[in-house]
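Let's take a walk through a protein model together, one step at a time. Keep the picture open beside the text and turn it as you read.

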Number of protein chains: 2
Amino acid sequence: MDSALRYAETNFDRFTEELEELLRIPSVSTDSAYADDVRDAAQWLVDHFEEAGIETAEIMETDGHPIVYAAHHAGDDKPTVLVYGHYDVQPPDPLDEWESDPFEPTRRNGTIYARGACDDKGQMFMHPKAAEAYLHGEGELPVNLKFVIEGEEETGSIHLPGFIESHAHRLDADVVLISDTAMFAPGVPSITYGLRGLAYTEITLQGPNRDLHSGIYGGGVDNPVHALSDIISNLTDDNGRVAIPGFYDDVRDLTDEERKTYARLPFDEDSWMDEIGIEATRTEAGYTTLECLSARPTLDVNGIWGGYTGEGAKTVLPAKAHAKISMRLVPNQRAEDIYEKMESYLKARCPDTMSLTFRRLHGGKPVLVDTESAAMQSAKAAMGEVVGTEPVFVRNGGSIPIVADFKDILGLDSVLMGFGLDSDAIHSPNEHFAVDRFQQGIRSIIRFHEHYAASA
Amino acid sequence: MDSALRYAETNFDRFTEELEELLRIPSVSTDSAYADDVRDAAQWLVDHFEEAGIETAEIMETDGHPIVYAAHHAGDDKPTVLVYGHYDVQPPDPLDEWESDPFEPTRRNGTIYARGACDDKGQMFMHPKAAEAYLHGEGELPVNLKFVIEGEEETGSIHLPGFIESHAHRLDADVVLISDTAMFAPGVPSITYGLRGLAYTEITLQGPNRDLHSGIYGGGVDNPVHALSDIISNLTDDNGRVAIPGFYDDVRDLTDEERKTYARLPFDEDSWMDEIGIEATRTEAGYTTLECLSARPTLDVNGIWGGYTGEGAKTVLPAKAHAKISMRLVPNQRAEDIYEKMESYLKARCPDTMSLTFRRLHGGKPVLVDTESAAMQSAKAAMGEVVGTEPVFVRNGGSIPIVADFKDILGLDSVLMGFGLDSDAIHSPNEHFAVDRFQQGIRSIIRFHEHYAASA
C-alpha cells in the first residue's frame, strides 16, 4: 500500500491533467445532440483503463448509451470490489451563468471548474487512478476489481438494471464501491448509508387545440397555465407536506437513534442559508431541516413551461402547459405506488375544460445500508486515516437508483465513499471539484482496498 | 356618389390586381431583414396615392419604419375624415403550412391568399380605391381626406403616438375611419364600438441564488415554481373573477340595452367551442360567454417558464420562475391603476422565502364610442345599404391602442368599419380575404363619405 500511495503522490499532476482531458468531452446524456460525445467519452475511458494496466476494458452496448466495463483479477483468494461510476454529465445550461466554458476545464485556486468535475467524472476517475497506483507502484492489487461505468446516470440509468441482470455472473463481487456522494461538510469524511428514491413525472395540460389570441378568446376559454398552477398549488399543504392522499403510508419514520445522530452533525443552518441565498427555509412540520433534506420525502417542480416565453409581450392564450414534477422517496415508499397515487390525484383535479397527460419519466428505490459491515468499517478506517478525522455515517437526500438495483439483482450492498461537497454546484453553473479532494479520494480508495482485503 | 360606385364597379378587377401588387412586397415589420421591403411598400403606396389623384402623398420618417401620409382637400365647408391603416404585415412562418407562397397572392374560389390579404393591406387599400372612385368618377370628394398608413402596427405602433402628437395640427379632423376589424359573422355587417384595453406584466420570483440539486436541497428550500403557482392560482377565483382587490372598482357595467344587443347576436357557442377544440368554457359568473369575451375584463397567463424545460429528466430545484401575465381592461379601468393594485397584491402574497420582481411591459386604454354619433350612424347606413342586412354594433375583446391615442391626443372618435372574418387566418398560415368583401368594403366607404358629409 505504501508504494501505491507514493506512486500516487508522484503522479497527481498527471492524474489531474488526464481528468481534465475527460472533462473536455461534452458527454451530456439527456440530449441526443451529444450522442457522439457520449460515445467518445466511453472510448476514451476504455483506452485509459488499458493504459492504466487494467487487464480487460471494453465498450458494452445497450439500447442507449454504452457501458464501459473493465476488470482486473488479483487472485481467487481475494475479495472482489465492483466499482460503479458514470461518465455522463448533466446539460450545462444556463450557459451564460458559467464563468468559464463548462467543457474547457479551468483551474482557479486549486479547484477545477467544469461540468462533471465532481459529478461524476472527477470522483469516478479516482478509482482507475487508485488501481493504477497499485499496479504500477506495488505491482499487484490487494483485491479483484470490476468496473461498471455507465453513460446514462443523469437520465435515470434506464438500461443499467437490464445490463446487470444479463451479466450477473460476470459482475459477481463481494461489495460495490461508489464515489458519487458528498461529504457532510468540508473536513468531515462521510460515508452515506441512506439514499432517497425518486419518482419523476411530466404532466401536460391541453386546453384549446391551438394557441389563441387572448383578446379574442380571453374571458371564455380556460387557460392551461392557470389550471396547472392550481394543480401544483394543491400538491403540497401549508405544513410543507405532500398533499397526495396516501403519500406517507409507507414512510419508515426516523428512529430515535437516527434523530440523535442527525442532531450531532455539525450543521450551521444560517451559513447554509447564506450560501444558497435564502432567508427562510421551507420544511415539513415536525422535522429538523437536516432531517427534511435527507430522511423525509419531498415534492418539487423541476421545470415548468407554456405559452410565450420570449422577449417582450405576446398576447397569447396558450394551448398547453407543461411541468416536470419529481418526488424524492424514502424507505419504504415505492415509485410505482407513488406514481399511481399521484396520477389519480391529478386526474381528479383536472378541470373539465382540459385534458391531462401524465408521463412517468423515471423512478428509483430508496436505500438504507448496515453501517456495521466489514466494507463500511473499512471505508470508515480508510477515510479516517487520510483525513485525520473520524468519518460520520450520513443519509443523503439524493438518489442513486442503481444502489437499490445492485442490492436487488446481485444481492450486494454499496459503500458510498464520496468526496464531493454540497457547495460543488453539481447540476448547476460553475460545477467544480477541489484538486486536494481528488487526491484525498485516491488515497482513501488505495487504503480501502487494503483494509477490505484484510477484513473480508 | 352613383358615379363613384359605377366607377368602382367598372374597375374592380384592376383594383384587385393592384392590391395583389402590394401584397407581393414582403413588408414584415418585426424582422429587420425585411426593412427594405417595408420601405418599398411605403414608396409603392405613395406612388399609388398620387396615381389615384390624391393631392399630397409622402413618406414621413420615424425612428422606426416610415409612415405614409396622404391628404386631399375637398373644401373648407366639408368635414374631414382621417383614415388610419397599416401596410406592414406579420411574419409568414410557419412557411411549410402555407398552400401557396405567402408573398405571391393566389386566387382560389374568389378569395385572395397572401400574408396581409386581410390584415391590413386588403382592408386598408379599400380606402384609396374609394377615394379614386370619387375623384375619377365624380370629379370631387364629399369629404376632406387624410391618410395615416403606418408600418409598425404589428410591432406595437411604438412611434405612432409621438408622430400624432408632433403633427397634431396637420392631422386635425372630425373623425377617424379604420378598417382593421372583423365582422361578427359572415353576412353580418359589423361596426366595432368597444375595444378592451391591456395591462401586460412580467413577474419573476427568485428563491435560492442558483439552481439547486433537488435531492440535496429538496425538503428544505422553497421552490419558486411552487410559489408562482400559488400566486397564479390566487389571481382568479372560483367564479372566474379576478381576485386582485379593487380590480372591478372602475368597471362600467353593461347596460340593459347592451345586454339585449349581445343576446341578439348570432352566436353558436357549440360551433365556437368545436372550432377551438374545447368541451367547456370558463367564464365570469353572471355573464354570457359573448359578454365575457369582449365586455368584461380578464386575466390570462400568456407564458410561464422556470427550471429545466428540455427533453428528459433533470432533478433541479429552480432558482427562478417567471410568468407573463396580462389583463384585458374595459372602460373605465386604467392600466396604471390596475398595475398598482396587482403589484400590491402580488407583493403581499410573495412568501418570505423569496423575492418578487414586477415589470409593467405595456398597457393600452379601453375604448367605447357613442353609437349614436353622426359618423357611427353614417357607417351603419352605408354598410346596411351595401350588404342588405342591418349592421350590428359590437364590442371587440382585443385592443387597438392607437384608437385610444387618437382620442387622447386629437380628441377624435374612431369608426371601426371592418370587413374581415375571424376565419380569415390573420397572423396564421393561409391568410386570406374574399374579393367580394374587398368590393363591399369599397362600396361601403364610398357610401359612408356621402352619408357623413350630409349629416356632419
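What follows goes from the whole model to its two chains, then to some helices, the cores and a few single residues.

A word on where the picture comes from: this is a predicted model. Its scores are ipTM 0.87 and pTM 0.83. In chain A the mean pLDDT is 96, and 100% of the residues reach 70 or more. That is worth knowing, because where pLDDT is low, the predicted coordinates should not be read in detail.

Now look at how the two chains are arranged. Two copies of a chain are related by a rotation about an axis and a shift along it. Here, a turn of 178° and a shift of 2.4 Å along the axis lay chain A on chain B with an RMSD of 2.4 Å. Both copies use the same surface, since 86% of the contact residues of chain A recur in chain B.

How many residues of each chain are in contact with the other chain? On chain A there are 77, and they are in contact with 70 residues of chain B. Several elements give two or more residues to the side of chain A that touches chain B, including α7, β13 and β14 of chain A. The largest share of that side comes from β11(A), with nine residues.

Let's stay with α7(A) for a moment. Eight of its 10 residues are buried, and the helix is mostly covered. Among the buried ones are A:P224, A:V225, A:H226 and A:L228. What do the buried residues of α7(A) pack against? Within chain A they pack against β9, β11, β13 and α11, and from chain B they meet α6 and β11.

Cross over to chain B and you find helix α6, residues 224–233. Eight of the 10 residues of α6(B) are buried, so this helix is largely enclosed by the rest of the structure. Its buried residues include B:P224, B:V225, B:I231 and B:I232. They pack against α7 and β11 of chain A, together with β9, β11, β13 and α10 of chain B.

For a helix with two contrasting sides, turn to α2 of chain A, residues 35–52. At 1.5 Å a residue, its 18 residues should span 26 Å, and its end C-alpha atoms are 26 Å apart, which agrees. The buried residues of α2(A) are A:V38, A:A41, A:A42, A:L45, A:V46, A:H48 and A:F49. Their arc around the axis is only 165°, which puts them on the same side of α2(A). The spacing makes sense, because an α-helix has 3.6 residues a turn, so residues three or four places apart point the same way. On the face turned away from the buried side, α2(A) carries the exposed residues A:D36, A:D47 and A:E51. The cover over its buried residues includes α1, β1, β2, α4 and β6 of chain A. After α2(A) comes A:G53, with a positive phi near 100°.

Next, look for the nonpolar cores. The largest has 88 residues, and B:V176 and B:V415 have the most contacts inside it. Helix α3 of chain B gives the most to this core, with eight residues. Another core, of 86 residues, lies apart from it, with A:F15, A:I25, A:V369 and A:I445 among its members. Among the residues that B:V176 touches are B:L82, B:Y84, B:F406 and B:V415.

Finally, some single residues in the loops of chain A deserve a look. The peptide bond from A:D93 to A:P94 is cis, with omega near 0°, and A:P94 sits in the loop between β3 and β4. Another cis bond runs from A:P331 to A:N332, with omega near 5°; A:N332 is in the loop between β13 and α11.

Is A:N109 buried or exposed? With 8 C-beta neighbours inside 10 Å, A:N109 counts as exposed. Although A:N109 is not glycine, its phi is positive, near 50°. A:A425 also has a positive phi, near 60°, but with 21 C-beta neighbours inside 10 Å A:A425 counts as buried. You can find A:A425 in the loop between β17 and β18 of chain A.

Technical notes:
Residues are numbered from 1 along each chain as its sequence is written. Chains are lettered from A and ligands numbered from 1 in the order in which they are written. This is a predicted model: local features need pLDDT of at least 70, side-chain atom pairs count only at pLDDT 80 or more; totals for chains, interfaces and linings use all residues. Helices (H or I, at least four residues) and strands (E, at least two) are DSSP runs, numbered from the N terminus. The expected span of a helix is 1.5 Å times one less than its number of residues. A residue is buried if 20 or more other C-beta atoms lie within 10 Å of its own, exposed if 12 or fewer, and partly exposed in between; C-beta atoms are placed from the backbone. The arc is that of the directions from the helix axis to the C-beta atoms. Two residues are in contact if their C-beta atoms, placed from the backbone, lie within 7 Å. Copies are superposed by least squares on the C-alpha atoms of residues with pLDDT of at least 70 in both. pLDDT is the predictor's confidence in each residue, from 0 to 100. A nonpolar core is a set of buried Ala, Val, Leu, Ile, Met, Phe, Trp, Tyr and Cys residues joined through C-beta atoms within 7 Å.
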